[in-house]
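Me: I am new to this structure and would be grateful for a close look at a single part of it. Please describe one helix and the core around it.

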Amino acid sequence: MSKHTFILNGKKVSVDAESNVRMLWVLRDLLGVTGPKYGCGIRVCQACTSHLNGKHFNPCSVPVSDIKASDRITTIEGLAKTAKGKLHPVQEAWVKYDVAQCGYCQPGQIMAATALINRVKKSGRKISEADLDTLRNVCRCGTYPRIRDAVKYAAAKM
């Protein structure tokens, strides 16, 4: 086993784990961070979506050995800390548009939407339907129309 150190939701953490253990299991099983969900393990469903250095990543497919001590991982548990207020604007939009049904995929949906909005805004554009089409997270309940509405609303507020 090796010691792996990184920044999780603003705090430096260290874990002892085999180098090939996927980050999802490090987060969930070793650190008790249960927001990122297991769905497929192969980056298809994206229920585990989190941020690595501010960008969308799927911890189910990244071994802990790929994470550097300076890397900043943000999960749904730390998202609100990245914005002013009690909730992040995307989380507020999810509540306003009553997006969640079963809720299983919602942490990943919110993290993917936040990364998309940040990327689009950084390029100096407003979110478009084509941008929304790039969100590939699977929602078995089919709340996609509400997800799209919530993302547009949050993008306008951010």
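Reply: The following account concerns helix H4 and the nonpolar core to which it contributes. The model is a predicted one.

Helix H4 covers residues 106-122, 17 residues in total. From its first C-alpha to its last it reaches 24 Å, close to the 24 Å expected at 1.5 Å a residue. Of its 17 residues, 13 are buried, so H4 is largely enclosed by the rest of the structure. Just after the helix, Gly124 takes a positive phi of about 85°.

The largest nonpolar core comprises 23 residues. Within it, the residues with the most contacts are Val90, Trp94, Ile117, Ile127 and Val151. At least two residues of this core come from each of helix H2 (76-79), helix H3 (89-96), H4 and helix H6 (144-157). The most is given by H4, which supplies seven residues.

Val151 illustrates how these parts meet. Leaving aside residues up to four places away in sequence, Val151 touches Trp94, Ala113, Ile117, Ile127, Leu132 and Leu135. A second core, separate from this one, has 13 residues, among them Met23, Phe57, Val64 and Ile67.

The cysteines may be considered last. With a disulfide requiring sulfur atoms within 2.5 Å, the count comes to zero. For Cys139, the nearest cysteine sulfur is that of Cys105, 3.9 Å away, and Cys139 is in no disulfide. Cys139 is buried, at 6% relative accessibility.

Key:
Residues are numbered from 1 along each chain as its sequence is written. This is a predicted model: local features need pLDDT of at least 70, side-chain atom pairs count only at pLDDT 80 or more; totals for chains, interfaces and linings use all residues. Side-chain values use heavy atoms; hydrogens and water are left out. Buried means under 20% relative accessible area, exposed over 50%, partly exposed in between (1.4 Å probe, protein chains only). Helices (H or I, at least four residues) and strands (E, at least two) are DSSP runs, numbered from the N terminus. The expected span of a helix is 1.5 Å times one less than its number of residues. A nonpolar core is a set of buried Ala, Val, Leu, Ile, Met, Phe, Trp, Tyr and Cys residues joined through side-chain atoms within 4.5 Å. Contact means heavy atoms within 4.5 Å.
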